[in-house]
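Here is a short report on one protein chain. Keep the structure open while reading.

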Amino acid sequence: MNRRGFLIRAILGLSSSPIMTSLSSAMEYPRCPFTLGIASGDVMDDSVVLWTRLAPDPLEADGGMPPVSVPVQWELALDPKMSRTVRRGEAIATPALAHSVHVELDGLEPDREYWYRFSVPSHSSRMGRTKTLPHRNSRPDSIRFITASCQNYTHGYFVAYEHMIRDKPDFIIHLGDYFYDTSFGVDDFRKHETEKAPVTVADFRRRHARYKTDQQLQRAHEQIPFFTTIDNHDAIEDDDPDKYAQRAAAYQAWYEHMPVRGYKAPGDNHFELHRKISAGDLIQISLLDGRQFRDAKEICNNNDYPDYGFGNYRERCTAVFDEDRSMLGKEQERWLTETLVQNKSTWNVIASPGPYLPFRYHHDGKELRYIGAWDIYPANRKRVAEALESAEIGHPIILSGDVHSFWAVDGRLVEESNERIPVVEFVASSISANWPEQLAKPVTDNLPHNPQVKFYDPDRRGYLLHDVTDTEWKTTARAMKDVRDEQSPALDLARFLVRKGEEGFTRLD
Ligand SMILES: [Fe+2]
C-alpha cells in the first residue's frame, strides 16, 4: 500500500468509531514502523526508560504516520530469548509527539540485565538490552562507562559505536551535539537530508530521523543504556527571546528521539536536563546542561579576530568577571552545589558538555579565551570548585567534550594562581565531527602557556572509556583510525590513572 492509502485507511477508521484508541488499534502497517530503532536510558537502580518512535517513512516530517494516536505494545524479559517476560504493556503513540513512545518502568531489580522489544500489528522491533544500576546502598566492585559527544553525520561514520559496544560499558553518557544543524564547511562525506539548518519542529524531526537511521548508532542504543544532554548544535543556545519558538521545537524533537524523562509539554521553552547518575556508593555523576540557562556568551560584543578560531577565541572584558554571572542558571547551580556537597560516593564527578578548566590563548599581544564554555563564566566555575572542595567525601573528576579533540588536564598546573583548581579533567574527542585546523592550531600554539594540559590530540575522533574501582580511576582515550571507514579499527591513544586521594594523574604506557 502506498503512503496515501495507508493514511486514508487510518482516517476512515477514525470516522467509524468515536474512540480514537479503539479505532487506531485496527491500524495496519504495510511497512515496518521501527525504522529509527529502539533505545533505553536514564537508568537508575530500579528504573529505566524504554524508547521508540513509529516512522515507516523516517525522513518525512510525520514519519509517514497518519495523524491519529496508535497503541504500541512493549515487553520486558529476563533473557534474550524473551521467554521469561516480567512486564508487558501498551503505550499510546500520539501525533503530538511524532508517535514517539517513552515507557518509564519502576520497581526493577538493581544491577540486572533486561531485554525488551516493541510491537504493533504484524511488526516487532529488534530486541534491545538494558541494565539497571547497582543498588543505591551497595558497594559495587567496579563500573565501566563511556563519555562521548559530537557526531556529525556529514563528517564520517559513527563507527566509534561499534567499539563502544565491544567495550561492554554499563552505560554511555552522550555530552551533546548528538546531531549537527549544519555540516560546517567540509566536503560532505555523507549528506544530511537538507543543507538548511532546522527551524521548525518538522525540520528537527527530520534531522533526528536522519541520524537515527544510522545502523551503528541504532545498534549502540539497542545494547547500551544512554544518558544524554544537549550542546549548541542540537539545541538553540542562550536565552534569546527571538529564538524561543525554535528552541522549543528543538527540545521537543530532541525529547521525541531520546530515551529520557522530564519533558513537560510540546512548545515548552525549557527542559530540565541536568540529572544525577549514581552507582551505589562508588560513583556519583552530576550531568549538566551548559547551554540552556547561561547568561549570554556575547557579553563583550567584541569579535576582533573572526579569522582566528572562527571567532570562538576572544578577549575577555571586565563584565565576564561579574560575580553574578552564571553558566548553569540559579536553579541548576543550587542543585549542583547541593549534589556535590552531599556526595557520599568514592568519586564525585561532573559531566559537563563543554570544557571546565581554563585555557589561555595568547594572540596578537592579547589574552583570549574560548567563549563556548566555562572560560567566560569564571565566577560560576569558582563556586563549583568551592562546592567540590567542601564535599567531605569524594575524589573530584571532571569529564567533558565539545572541542572535538582529546585532552587530559591537571588543574593544579594552571599558571595563574587565581585560576588554579586542583581537579583533573578528561575531555572526550568527537565521535565523527572534525576539529578543523582553524580551531586546532590556536590550541597547539598555546600549549606552552598552558602546562596544565598534559595530553592533547586534535587529530583523532573517538571517545573516553572509564574504568572505576574504589581505589583507582582509569581513563582510556580510544581513537578511530579513520572515521571514513565504516569498519575502522580503534587504537588506544593513551591511558591515564587517578588514585583515590592523590591529586593529579599519571599516564600509563
Ligand atoms: Fe561539537
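The text below goes through the domains, two helices, two sheets and a few single residues.

**Domains**

The model is predicted. The protein is divided into domain 1, residues 3–131, and domain 2, residues 142–508. Their C-alpha centres lie 31 Å apart. The contact between them takes 29 residues from domain 1 and 25 residues from domain 2.

On the side of domain 1 that touches domain 2, four strands give two or more residues: E1 (38–41), E2 (48–53), E5 (100–105) and E8 (128–131). E2 gives the most, with five residues. By class, this side of domain 1 has 15 nonpolar, eight polar and six charged residues.

**Helices H4 and H5**

Helix H4 covers residues 201–212. Its 12 residues reach 16 Å from the first C-alpha to the last, close to the 16 Å expected at 1.5 Å a residue. Is H4 largely enclosed or open? Of its 12 residues, 10 are buried, so H4 is largely enclosed by the rest of the structure. The buried set includes charged side chains by name: Asp-203, Arg-205, Arg-206, Arg-207 and Lys-212 are among them. Val-201, Phe-204, His-208, Ala-209 and Tyr-211 are buried too.

What do these residues pack against? The buried residues of H4 pack against helix H5 (215–223) and helix H6 (244–257).

H5 has its own buried residues: Leu-217, Gln-218, Ala-220, His-221, Glu-222 and Gln-223. Their cover includes H4 and H3, along with strands E1, E8, E10 (171–174) and E11 (226–228). E1 and E8 also give residues to the side of domain 1 that touches domain 2.

**The seven-strand sheet**

Seven strands form an open sheet with mixed pairing. The order is E12-E13-E15-E18-E20-E19-E21. Strand E12 (275–279) and strand E21 (453–457) stand at the edges. Each has a single partner strand, so one side of each is left without a neighbour in the sheet. Neighbouring strands are turned by 15° against each other on average, direction ignored.

Strand E13 (residues 283–287) is mostly covered, with five of its five residues buried. Ile-283, Ile-285 and Leu-287 point one way from E13, while Gln-284 and Ser-286 point the other way.

E13 pairs with E12 in the antiparallel sense and with strand E15 (residues 347–352) in the parallel sense. E12 and E13 form a hairpin with three residues between them. In that turn, Gly-280 has a positive phi of about 50°. At the E21 edge, strand E19 (residues 406–410) runs antiparallel to E21.

**The three-strand sheet**

Three strands form another open sheet, in the order E14-E17-E16, and the pairing is antiparallel. Strand E14 (313–315) and strand E16 (361–363) stand at the edges. Each has a single partner strand, so one side of each lacks a neighbour in the sheet. Neighbouring strands here are turned by 45° against each other on average, direction ignored. E14 pairs with strand E17 (residues 366–370).

The table lists strand pairs from both sheets.

| Strand pair | Sense | Bridges | Facing residues |
|---|---|---|---|
| E12 and E13 | antiparallel | five bridges | Ser-278 and Gln-284 |
| E13 and E15 | parallel | five bridges | Ile-283 and Trp-347 |
| E19 and E21 | antiparallel | four bridges | Ala-408 and Phe-455 |
| E14 and E17 | antiparallel | three bridges | Arg-314 and Arg-369 |

**Single residues**

Most residues other than glycine have a negative phi. Met-82 has a phi near 60°, a positive value in a residue other than glycine. Met-82 is found in the loop between strand E3 (70–77) and strand E4 (85–93). With 15 other C-beta atoms within 10 Å, Met-82 is partly exposed.

Cys-150 also has a positive phi, of about 60°, although it is not a glycine. Cys-150 is found in the loop between strand E9 (142–148) and helix H3 (160–167). Is Cys-150 buried or exposed? With 30 other C-beta atoms within 10 Å, Cys-150 is buried.

Glu-338 is found in helix H7 (residues 330–341). Glu-338 counts as exposed because it has 12 C-beta neighbours inside 10 Å. Its C-alpha is separated by 9.4 Å from that of Ala-391, 53 residues apart along the chain.

Notes. Residues are numbered from 1 along each chain as its sequence is written. This is a predicted model: local features need pLDDT of at least 70, side-chain atom pairs count only at pLDDT 80 or more; totals for chains, interfaces and linings use all residues. Domain bounds come from an automatic or database domain assignment. Two residues are in contact if their C-beta atoms, placed from the backbone, lie within 7 Å. The expected span of a helix is 1.5 Å times one less than its number of residues. A residue is buried if 20 or more other C-beta atoms lie within 10 Å of its own, exposed if 12 or fewer, and partly exposed in between; C-beta atoms are placed from the backbone. Two strands pair if DSSP finds at least two bridges between them. Axes are lines fitted to C-alpha atoms, for helices over the stretch in contact, and angles run from 0 to 180 degrees between N-to-C directions.
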